[in-house]
Amino acid sequence: MIHVESLVFNPFQENTYLVYTDSGVCAIVDPGMLFPHEEERLVEKIEELNLRPQLLLQTHLHVDHVLGTGFVTKKWGLEPIGHEGDAFLVERTKEMAAGFGMDLNENPPYPARYLNHGDHIELGDVSFEVIHVPGHSPGGIAFYCAEEKVLLAGDVLFKGSIGRSDLPGGNQHELIDGIREKLLILPDDVTVYSGHGPKTTIGEEKRSNPFLQ
């Protein structure tokens with residue numbers, strides 16, 4: 001069985017997820033810590049839950065989702081895993097952060113391994129399928145555990161909304177088509193954990209998301 005713990009970080013109120021199994025192995029998804037007290041909170045939560053970080057997963061590489069990547073790589077020796085389509089964003093991170101009034105010492109590390117649509121990631125005895133849904137960013141991916149009916153959707157799909165498409169490499173038609181063709185085909189009772197805001201379900205978004213009607 002897997003469990004999902006959400007921690008909200010940085011001025012963008014980004015959801016950083018700890019996804020872990022009963023055995024305590026853990027994936028850190030989209031670490032967004034900007035301040036030292038946020039880094040401390042992540043460490044405290046991992047220690048409190050007695051977790052062993054094993055994976056660093058990145059749904060996409062926009063600035064608010066990568067602010068804590070460097071910290072996690074140094075603290076636990078984990079290598080970032082993401083999609084190559086977003087690699088161009090890494091060298092722009094400091095510049096983009098400055099545009100929002102955030103002063104970063106350095107850009108985050110590049111993904112050490114790239115994932116493609118249809119790949120599988122193992123966390124203990126649980127498997128996540130990689131679903132590539134560009135449109136919010138070129139390399140946007142979701143992680144889907146069919147067995148547990150859990151979808152880590154990044155900024156592709158939100159409760160009652162979808163990701164913005166006006167950032168570099170964004171495309172609204174591509175995003176909506178990708179959601180309809182790759183995510184809304186999942187079972188209605190799949191829980192969707194988004195990059196911002198509350199969780200939802202596939203069924204709820206099929207019924208009521210105004211962008212997908």
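How near do the axes of α1 and α3 come, and at roughly what angle do they cross? The axes come within 11 Å and cross at roughly 45°, as the second view shows. This is a predicted model, in which local features need pLDDT of at least 70 and side-chain atom pairs count only at pLDDT 80 or more, while totals for chains, interfaces and linings use all residues. Residues are numbered from 1 along each chain as its sequence is written, and side-chain values use heavy atoms, with hydrogens and water left out.

**View 1. Helix α1 and its buried face.** Helix α1 covers residues 36–48, where helices (H or I, at least four residues) and strands (E, at least two) are DSSP runs numbered from the N terminus. Its 13 residues reach 18 Å from the first C-alpha to the last, close to the 18 Å expected at 1.5 Å a residue, the expected span being 1.5 Å times one less than the number of residues. Glu-38, Leu-42, Val-43, Lys-45 and Ile-46 of α1 are buried (buried means under 20% relative accessible area, exposed over 50%, and partly exposed in between, with a 1.4 Å probe and protein chains only). Seen down the axis of α1, these buried residues fall within an arc of 160°, so they line one face of the helix; the arc is that of the directions from the helix axis to the C-beta atoms. Pro-36, His-37, Glu-47 and Glu-48 are exposed on the other side of α1. The buried residues pack against β1 (2–9), β2 (14–21), β3 (25–29), β4 (52–57) and α3 (69–76), contact meaning heavy atoms within 4.5 Å. Just after α1, Asn-50 takes a positive phi of about 55°.

**View 2. The crossing of α1 and α3.** The axes of these helices cross at roughly 45°, where axes are lines fitted to C-alpha atoms, for helices over the stretch in contact, and angles run from 0 to 180 degrees between N-to-C directions. That angle makes α1 oblique to α3, since angles under 35 degrees count as roughly parallel, over 145 as roughly antiparallel, 65 to 115 as roughly perpendicular and the rest as oblique. The contact is made by Glu-39, Leu-42, Val-43 and Ile-46 of α1 together with Phe-71, Val-72, Lys-75 and Trp-76 of α3.

**View 3. Surroundings of Val-66 in helix α2.** Val-66 is found in α2 (residues 63–66) and is buried, with a relative accessible area of 3%. Not counting residues up to four places away in sequence, Val-66 touches Pro-31, Gln-58, His-60, Leu-61, Thr-93 and Pro-108.

**View 4. Two loop residues with positive phi.** Asn-10, in the loop between β1 and β2, has a positive phi of about 60° although it is not a glycine, and Asn-10 is buried at a relative accessible area of 3%. Lys-149, in the loop between β9 (141–145) and β10 (150–154), has a positive phi near 55° and counts as partly exposed at 33% relative accessibility.

**View 5. Helix α5 and what covers it.** The twelve residues of α5 (172–183) reach 15 Å from first C-alpha to last, close to the 16 Å expected. Leu-175, Ile-176, Gly-178, Ile-179 and Leu-183 of α5 are buried, and they cover an arc of only 160° around the axis, which puts them on the same side of the helix. The face turned away from this buried side carries the exposed residues His-173 and Glu-181. What covers the buried residues of α5 includes β8 (126–132), β10, β11 (157–158), β12 (161–162) and α6 (202–208).
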